[in-house]
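Got the model loaded and a selection box ready? Let's walk through it stop by stop, picking residues as we go.

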Amino acid sequence: MSVMEGVGNGEEPEVVAQACMLSEFSESTEVRALISSLPDIHHDTVSKEATIEKFVVIMDRYQEQSHLLDPHLEWMLNMLLEMIRNEKSPPLLVHLCFKFLYIISKVRGYKIFMQLFPHEVSDVQPVLELLCRQDPKDTETWETRYILLLWLSMTCLIPFDLSRLDGHLSTDPGLNREPIMDRILAVAKSFLTVSDKSRDAASVLVSKFVTRPDVKQKRLGDFLDWCLTTISQTSEMTMEGTVTLDGALQSLAQLFKHGKRDDFLQYAPTVLQCLNQKRIAESNQATLRKLGVKVVQRLGLTFVKPRLAKWRYQRGSRSLVVNLAQSSVTESVEATKPDLESVSLDEDYDIPQEVENVIEQLLVGLKDKETIVRWSSAKGIGRVTGRLPKELADDVVESVLECFSFQETDNAWHGGCLALAELGRRGLLLPSRLSDVVPLIIKALTYDEKRGACSLGSNVRDAACYVCWAFARAYEPSELKPYVNQIASALVIATVFDRNVTCRKAASAAFQENVGRQGTFPHGIDILTAADYFTVGNLNNCYLTISVYITGFEEYTKPLIDHLVAMKVNHWDGVIRELATKALHNLTVRAPEYMANTVLPQLLPMATGMDLHRRHGAILACAEITHALYELATQDNSSVTDFLSSDTIEGLKNIHQKLSDRKQYRGFGGELMRPAVCALIEKLSLSKMPFKGDPVITGWQWLIDDSLKNLHLFSSGARRGIQDAAVSALAALCHQYYQVEPGVADAEMQDQLVSQYLSALESPEVLTRCGCALALGSLPPFMIHGKLQQILPGLQAACKVAQKEESLTEARRDAATAMSQVCVAVGVCARGSPDRVLCEDNIRPVYEALLGCMNDYSTDSRGDVGAWVRAAAMSSLMDVTLLVVASAPELLSSDLVQRMMCCLAQQAAEKIDRYRAHAGTVFLRLLHSTDPAVPHIPHREELLSIFPLETGKSLNWNAASQAFPHITQLLRLHQYQYHTLLGLTVSVGGLTESTVRYSSQSLFEYLKGIQQDVTTLQQFGDTLLSIFRDNLRNDRVSVPLLKMLDQILANGCFDLFTSESHPFCVELLSLCKEEIKKSKDVQKLLSCIAVFCGMVQFQGDVRKKVLVQLLMLLCHPFPVIRKTTASQVYEMLLTYDDVIDDDQVLADVMASLSGTNWESDIATVRTHRNQLCDWLGVPRPTLAAKTSPQ
């Protein structure tokens, strides 16, 4: 596919630059240096691999435009061959050079590259010798063997009789040397049975060598005999057998391709018979079937004379320049017909019977399950048909067209498309056949067959695009003119509406080819600019934007709309169905009458039909089109009913009742029907359909309520969609049908709805609570007026965590969200009625409830689910605060603002990136809010210096490395210190390596700064202790806090407190003792051991008490605790050398700690422990002191 000439809207210029900007081989200097460096680096594995990697990267850039290498191939080859021929080159270097040669041949293609090898007579012997010395089993050096075989194939072309190279073999009977002809054949045969790439090169060697005049005479029959014997005697059930068959078939295919027809014709029937007996077409191996097809088509070409069919269609000038010039000038360029008489004199000569067998096998190959086999068969059909008389060729075309029947599989359709493209390209599909072919191709462009949960057919659609591309090049514009509109519409439909990105790109490229070559496609250039190869990459863009532009051209309007209605509204993929309905909404503006009078009447029967997917798509489409018609009517100040007939309005109204009567809201189908009908309710309400007071409104209300109250009956994947659709439908329905006059609600409906949703907030079913909370949040203001004093307390109660209701997390989250929605809906008035607006009488409970949610840390099997509630509360606090500040800032008391900012600071220092980022964003939004500013923010000036406006915009809160250095600065501000440190505790003592690293780094930076400031350090210590006190035995905080304390003590941050019995140390010790009292939590105990060891640095009474605790832990019931305590105390004594003054005692203690097996039974361990107590001068603990359950 060609790269598009212009890039639409200037999008993605870099991609285009990458694709088509290579104009020469620019790395020649670098490559020269790499090749020159090989002798120096071949023995060093690392350098060798790096060099190969560099070379591969450079060469791979030219894979698409390998012709750019041509001027440089010779010097690269010469440099490498020079090293190979140098007798001093070690084997490793020789193999490395061959590896480089292989990489070049892979990029440029072996056919071009092998022609550059030197092929003097003097090269035959050395190359053969070197090849014979190789080990065919060495997997590391297969490139060497591959290149040597190619080189040998080249040297075989010397025009001398090979017997001259044998010297005088027969004169000396003692030296029984083989003739060189036999040696080369033996090498070729041996490499035809290896399992690596050199097998391919061996088949090339055979094709070049066996077709030499001297070898042909003596060895051709024998070699073919060997091949056929190998094929008939080898089983493909083993790996070796498959490899051997592969080699034999490859060599046959190459021989019949390169050999002269006269030499091979006599053998062809025998070969064909052998292949038929072997039944290669039924093999399990795709590569063998492909090679079988290759050989068969070569045999077919051998059976028929090589000649150009006189009846071929010839397009003549294929120059793009001429075609484009022609589109402005009307006269056509005369097709130049070459004189075929000289090429083919005997049009009707007898075609051998075997050709029929060949064509039959190729037609079967078109239906193979593997693409490579189908592709090879298609090329074979093209080649063979080109040599047949017209009648026989037409029979072949007829047979190919049989692939396109509805009984055939997608494989047959794909093979058929490839064959048609080949026939078209070669001029073998006469214009008279186009009337049969074009309709099939149009069908193939939309071929999509559902199988189970997925679909087949993207390859068929892609191949159909290839056919259109080939036809553009094959036919005169006048021949394709009758079909232009059909092909153009079908290609445009595939370009914008195909589900598969490769098919959209293929269709775009085929459309471009037709615009350039045919010059007759309507509005071709305009469409290409909008829908080029790159812009069609985005599916949403195709459906919702490009399609609207294209339907602006009248030739494409109806085909695109009809395709969506016929093929996409009922598509098996829900995403496509929904996109199609949105596209119909956008396209309505292009053909409103057509939509109202033709499309909607088509959709209404589908909307109540039996097929689930069709019904789902049709209901959504009816909703979208009606709403689009309403928007158009509004612009003309008319009603939507002016567009719609009474039957259509009645049909739209009856959809719900019909589905309800058929019980289609139940079960799996109900999961699709409910959101679809809710969307219909929403759109019909927004479109102001004249249904006020109609019984259908009651039915609609029932559906919404039933969906919200029974969410738990649906599968988890569908719940969210049903809930959102029902809530949106409720808001639109209330707005349109429950207002008696503007701003006044229908009192009966208002009472009914509010009371039923409030009572459902106490339902034991969590999803019912969620749905009804969001329903209350979505009510329009007139439905809330007069009920606010019932709604707000109801939502506030739903936000609280009751002991027995910890699992209702989602309900608390949605209640918090709904509370802010209700507040925003009714607005703020300082002196207003508490039943109608947010005012001084009801604002505090709202804040209390939301601030309560900020402390929701409930967890379940899904992890920290309380985070959902906290995030919703943060968003709600921001919305309510900004609302209040805008109209009545005096309602905000300083204590509420302070608590809110402190809670946000705590969340912004916590460990989960996403919620930290959310909190940070809300914090800065409130801090930087200026119009008007949020009042009473504590330390506002200092905060603005830490978070200036520019920082706020560039700071990435998700990245721990950026967030923590800023947030730890809040520790300096007295009012934020407690909450910030509480948040930091969880991060510093957490598990995530990056969070721990950056949070602790920032904390120690702060502590380093206050080392000498007694008052500030004292204040920090008191805050730390109060956090510990408030969260005693709350493992979420206390375990990370112990880990953090361990780090702080190890870093000597509390050196100022080492004086005799400092109150901080005494209090810390008693809290630690309390925390691990009767605890069985190993993690907590291990953290506490580390803290105790760190506290030994405090002098006096505290140290003694700490040692008592540690010695008691040496007799803990858990062996792992005893063992860890011993090793930690050992390390502690090494660190703090002032604990024991007497060196002898220290040595005894150390020996006991390290020498005792602390995991043995308690009685044994206790004697060692008591001995340690005596040495350390600490009273022996008695069993009465229970630090942990014995």
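Start by selecting Glu-848, which is partly exposed at a relative accessible area of 31%. On the scale used here, buried means under 20% relative accessible area, exposed over 50%, and partly exposed in between, with a 1.4 Å probe and protein chains only. Before going further, some ground rules: this is a predicted model, where local features need pLDDT of at least 70, side-chain atom pairs count only at pLDDT 80 or more, and totals for chains, interfaces and linings use all residues. Residues are numbered from 1 along each chain as its sequence is written, and side-chain values use heavy atoms, with hydrogens and water left out.

Which residue does Glu-848 form a salt bridge with? Add Arg-899 to the selection: the closest N and O atoms of the two are 2.9 Å apart. This pair links distant parts of the chain, with Glu-848 in helix 42 (residues 843-853) and Arg-899 in helix 44 (residues 894-908), 51 residues apart. Arg-899 is partly exposed too, with a relative accessible area of 34%. A salt bridge here is a side-chain nitrogen of Lys or Arg within 4 Å of a carboxyl oxygen of Asp or Glu; helices are DSSP runs of H or I, at least four residues long, numbered from the N terminus.

The structure holds 50 salt bridges, so pick out a few others. Select Arg-813 and Asp-814, whose side chains meet at 3.1 Å, N to O. Asp-814 is buried, at 5% relative accessible area.

Next, go to helix 50 (residues 993-1009), where Arg-997 and Glu-993 sit four residues apart, about one helical turn. Their side chains form a salt bridge at 2.8 Å, N to O. Glu-993 is exposed at 54%, while Arg-997 is partly exposed at 36%. For a network, select Asp-394, Glu-398, Arg-433 and Asp-436, which are joined by salt bridges that share partners.

Now show helix 54 (residues 1082-1095). Its 14 residues reach 20 Å from first C-alpha to last, close to the 20 Å expected at 1.5 Å a residue (the expected span being 1.5 Å times one less than the number of residues). Eleven of the 14 are buried, so helix 54 is largely enclosed by the rest of the structure. Among the buried ones are Lys-1084, Phe-1092 and Met-1095. To see what covers them, display helix 52 (1035-1050), helix 53 (1063-1076), helix 55 (1101-1113) and helix 56, which are included in the cover. At the N-terminal end, Asp-1081 acts as a cap, with a side-chain oxygen 3.0 Å from the backbone nitrogen of Gln-1083.

Stay with helix 56 (residues 1119-1135) and select Arg-1122. What is the nearest side chain of opposite charge to Arg-1122? That is Glu-1159, 7.6 Å away, and Arg-1122 is buried yet has no salt bridge. (Lys and Arg count as positive and Asp and Glu as negative; His and the chain ends are not counted.) A polar atom of the Arg-1122 side chain does lie 2.9 Å from the backbone oxygen of Ser-1160. Beyond four places in sequence, Arg-1122 is in contact (heavy atoms within 4.5 Å) with residues including Leu-1113, His-1116, Trp-1158 and Val-1165.

For a last stop, jump to Thr-302 in helix 16 (residues 286-303). Thr-302 counts as buried, at 5% relative accessibility. Leaving aside neighbours within four places in sequence, Thr-302 is in contact with Phe-256, Arg-261, Phe-264, Leu-265 and Ala-268.

How values were computed:
Helix = DSSP H or I, 4+ residues; strand = E, 2+ residues; numbered from the N terminus. Polar contact = N/O pair within 3.5 Å; in protein donor to acceptor, adjacent residues only side chain to side chain.
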